[in-house]
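Thanks for coming, everyone. Let me put the structure up, and then we'll walk through its empty spaces and one residue.

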Amino acid sequence: MSGRHVTAGAPVPVVLAGARGHGRWHLGNIRRLQARGVVRLAGICELTPLTEDEIPDGLGRPEQSGDLGALLDSTGARIAVICTPIPTHTDLALTAAERGVHLLLEKPPAPSEAEFRRMADGVAKAGVRCQIGFQSLGSHALPAIRELLAQGAVGAVAGIGGAGAWSRPEAYYRRAPWAGRRRLHGADVVDGVLTNPLAHAVATALALGGADRAEDVTGIETELLRANDIESDDTSCVRVTTAQGRPVTVAATLCATEPDEPYVVVHGSRGRITFWYKQDRVLLQRAGHGPQEYEYGRTDLLENLVGHLTEGTALLVPPAATGAFMKVVEAIRLAPDPAPLPGTAWHRLPGEGRRVIPGVEGLVAAAADTLALYSELDAPWARPSKDPHAPETPHAPDAPHTDEVSTR
């Protein structure tokens, strides 16, 4: 293994790029691992330095700079955690890789397949290790579910569904210039519900469907809509056709009246397995048995990366394991701009500053349950037009066409 040498048993020096917003979670996680002697926060990269009050107790006074390359050089960091705006991921990852610094790169890893390829190729050429920050893929529930499937617990797998019914206020889209955008200053952003806030639902569903690599995907259908006054989508669904012949359908919204925990469900011929991935909770329902519920632990991805570098532990989420997810990102990027929902389909909740779509929670759940798209469930507002560049594909009688990208 090339890259900067990592000494087993000593805290690994880490630089965090992007310490505000979701970066605060990483600060807390680094603090937890630092207290255990696993890592040491050597530096923080922010254009505006953090104040003392913004740095959690126990992390000392790490060096700060707005220049990631200079900070990596001066601190001698072995790992860079990158939690910056989506369009910056590739360039910052390559800045670290060129210095032999290993990476924990937040999801989505890139806003396009071309940028993802540039990042992954650059990392491989530099000989450094890169972990993509899909924390749900560190859940111990995934190997447990795979073992249940291998044992035939629910019979033959027919498909995988995913459902995410969340809510975000209108202010969520004003928190950063790139929020809710498909493009910014000519660069791809693709900050949609399936590619960013509920990206874990997509990645986890693909992983349980045995279709996490790019070559596992043969076709993608998308329906992208928005209730908010944004450029990107806030209520969408996608159906992935996999090489294994098992469809993966994920439906999501940020306009739920009553937000709930997102989940992925494996449909079998004799039962089903539901996985609430944020809670690491699994429900097994099968013919001839009562329901069985399990809770699992989770391996932290930064800790796993350190273990990989020091002890040879298998890396949980290398770039190749997110190739199928990036196919979905690319399909969404290439799809026509999201259709605005009619004003009759949504309303603003008084005093809460958020837009909600009545009944969307049930529709999201129905999509995951039936592996159907919104339009096939007769949602009155889901009537997408077909992408004129997509190949002809069969649809159910009288069902409207959807935007489809073939990946063959």
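How many cavities of 30 Å³ or more does a search of the whole structure find? One. Keep in mind that this is a predicted model.

Let's start with that cavity. Its volume is about 40 Å³. Helix 6, residues 199–208, and helix 8 are the elements that give two or more residues to its lining. Helix 6 has the largest share, with three residues. Here is the full lining: Leu 137, Ala 203, Leu 206, Ala 207, Asp 212, Ala 321, Thr 322, Ala 324 and Phe 325. By type, seven of these are nonpolar, one is polar and one is charged.

Now the pockets. The largest pocket has a volume of about 1300 Å³. Its lining takes in 37 residues. Which of them lie nearest the centre? Gly 21, His 22, Gly 23, Cys 83 and Trp 178. Two helices to look for here are helix 1, residues 23–35, and helix 3, residues 89–97. Each supplies at least two residues of this lining. The chemistry is mixed: 16 nonpolar residues, 13 polar and eight charged.

On to the second largest pocket. This one holds about 260 Å³ of space, and 18 residues line it. Nearest its centre are Phe 116, Arg 117, Ala 120, Pro 319 and Ala 320. Which helix gives the most to this lining? Helix 4, with six residues. Helix 4 spans 113–126, and helix 8 also supplies at least two lining residues. Count by type and you get twelve nonpolar, one polar and five charged.

So helix 8 has now come up twice. It contributes to the lining of the largest cavity, and it contributes to the lining of the second largest pocket. Let's pick one residue from it. Glu 330 sits in helix 8, which runs over residues 323–334.

Is Glu 330 buried or exposed? Buried, because its relative accessibility is 12%, and the cut-off for buried is under 20%.

What does the Glu 330 side chain pair with? The side chain of Arg 333, in a polar contact at 2.8 Å. Further along the sequence, leaving out residues up to four places away, Glu 330 touches Ser 112 and Glu 113. Glu 113 belongs to the 113–126 stretch, which is helix 4.

That's the tour. Happy to rotate the view for anyone who wants another look.

Conventions. Residues are numbered from 1 along each chain as its sequence is written. This is a predicted model: local features need pLDDT of at least 70, side-chain atom pairs count only at pLDDT 80 or more; totals for chains, interfaces and linings use all residues. Side-chain values use heavy atoms; hydrogens and water are left out. Helices (H or I, at least four residues) and strands (E, at least two) are DSSP runs, numbered from the N terminus. Buried means under 20% relative accessible area, exposed over 50%, partly exposed in between (1.4 Å probe, protein chains only). A polar contact is a pair of N or O atoms within 3.5 Å; within protein, one must be able to donate a hydrogen and the other to accept it, and residues adjacent in sequence count only if both atoms are side-chain atoms. Contact means heavy atoms within 4.5 Å. On a 1 Å grid over the protein atoms alone, a cavity is a set of points where a 1.4 Å probe fits but cannot get out, and a pocket is an open set with protein on both sides within 12 Å along at least five of seven lines; lining residues have an atom within 4 Å of a point. Grid points are joined across faces, edges and corners, and a volume is the space filled by probe spheres set on the points. Ala, Val, Leu, Ile, Met, Phe, Trp, Tyr, Cys and Pro count as nonpolar, Asp, Glu, Lys and Arg as charged, and the others, Gly among them, as polar.
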